[in-house]
Each structure stands twice: as structure tokens, then as C-alpha cells.
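Have the sequence and the model open side by side. The paragraphs below go through a few strands, a covalent link, one position late in the chain and a pocket.

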Amino acid sequence: QVRLVESGGGLVQPGGSLRLSCAASGSIFSIGAMGWYHQAPGKQRELVATITSGGRTDYADSVKGRFTISRDNAKNTVYLQMNSLKPEDTAVYYCTANIKQGLSPSYKYWGQGTQVTVSS
């Protein structure tokens, strides 16, 4: 089975920084695109950033210039460096990974979510 385990969330003051990590484990043949979503209370889940297996990145307009997504393919891990955090960044953050197991088609897996709270 495949698991995505996130870490790095917490409480931070406005203007501060956090780094989220998400490690994939299990029976993995290959990993394609990886990404991060967030969901604030009462709102729909939104895409924050994505990164392809080749390292091409894309960001939501709201986080451009403040957040950086990266990955370590040897560790099956994706990161989200969040700088200049704002109260409106408060949300549960979920990582995703398109994972291929053996000859099966790729499937999009989700992590369990990690809470990020930006408050003074």
C-alpha cells in the first residue's frame, strides 16, 4: 500500500515561515507530479503548488513569490517552503502524488493533512 505522511505544520506569526514535508512510502514504481492543496474552514480545497517529476513548478497566484515547492526524488518527498505567511494562509494543507504501482495506471494519492495557523 502507499502512504503519504505530512509534517511541519504549526502555529506561526504573520510574516513568519514554515516548511512542510510529505514523504511517500510503500509499493511505489514511480512518482509523477506532486503537489500541495489547502482548505480553509468553510471553503473548498484549493491548489497551492505543483511540481512535475522533471522539476517544473506552478503556483496559485496568491502564493507566488512567497511559497516554493521542491522535491527529492531519491527520498520520494515533496516540500513546501512558506515565507511571509499571512493570516489568510491559515488552512489544512494536503500533499498529493501521482503514483504508479507496477503496471497499474497512476493514481492520485492524498496525505492526511497538516494544520497551518498564521496568527499573532
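Which residue of β8 does D72 stand opposite? The partner of D72 is T77 in β8. Before going further, note that this is a predicted model.

D72 belongs to strand β7, which spans residues 67-72. This strand runs antiparallel to β8, and six bridges join the two. Together β7 and β8 form a hairpin with four residues between the strands. Within that hairpin, N76 takes a positive phi, near 50°.

Strand β8 covers residues 77-82, and five of its six residues are buried, so the strand is largely enclosed by the rest of the structure. Besides β7, β8 has β3 as a partner: these two strands also pair in the antiparallel sense, over six bridges. As a point to find on the model, look for L20, which stands opposite L80 in β8.

Strand β3 leads on to the disulfide. A search of the whole structure finds one such link, and it joins C22 to C95, with an S to S distance of 1.9 Å. C22 lies in β3 (residues 18-26) and C95 in strand β9 (residues 91-100), so the pair ties together parts that are 73 residues apart in sequence. A disulfide is a covalent bond between the sulfur atoms of two cysteines. The link of C22 and C95 is right-handed, with 45° about the S-S bond. Are its two cysteines buried or exposed? Both C22 and C95 are buried.

Now move to S119, in the segment after β11, a strand that covers residues 114-118. Why does S119 count as partly exposed? Its relative accessibility is 38%, and partly exposed means a value between the 20% under which a residue is buried and the 50% over which it is exposed. Leaving aside neighbours within four places in sequence, S119 is in contact with L11, V12, Q13 and P14. S119 is also 104 residues from G15 in sequence, while the C-alpha atoms of S119 and G15 are 9.7 Å apart in space.

The last stop is the largest pocket, which has a volume of about 180 Å³. How many residues line it? The lining has 14 residues, and H38, E46, S62, E88 and D89 lie nearest the centre of the pocket. By character, the lining residues divide into six charged, five polar and three nonpolar.

Methods: Residues are numbered from 1 along each chain as its sequence is written. This is a predicted model: local features need pLDDT of at least 70, side-chain atom pairs count only at pLDDT 80 or more; totals for chains, interfaces and linings use all residues. Side-chain values use heavy atoms; hydrogens and water are left out. On a 1 Å grid over the protein atoms alone, a cavity is a set of points where a 1.4 Å probe fits but cannot get out, and a pocket is an open set with protein on both sides within 12 Å along at least five of seven lines; lining residues have an atom within 4 Å of a point. Grid points are joined across faces, edges and corners, and a volume is the space filled by probe spheres set on the points. Ala, Val, Leu, Ile, Met, Phe, Trp, Tyr, Cys and Pro count as nonpolar, Asp, Glu, Lys and Arg as charged, and the others, Gly among them, as polar. Buried means under 20% relative accessible area, exposed over 50%, partly exposed in between (1.4 Å probe, protein chains only). Contact means heavy atoms within 4.5 Å. A disulfide is a pair of cysteine sulfur atoms within 2.5 Å. Two strands pair if DSSP finds at least two bridges between them.
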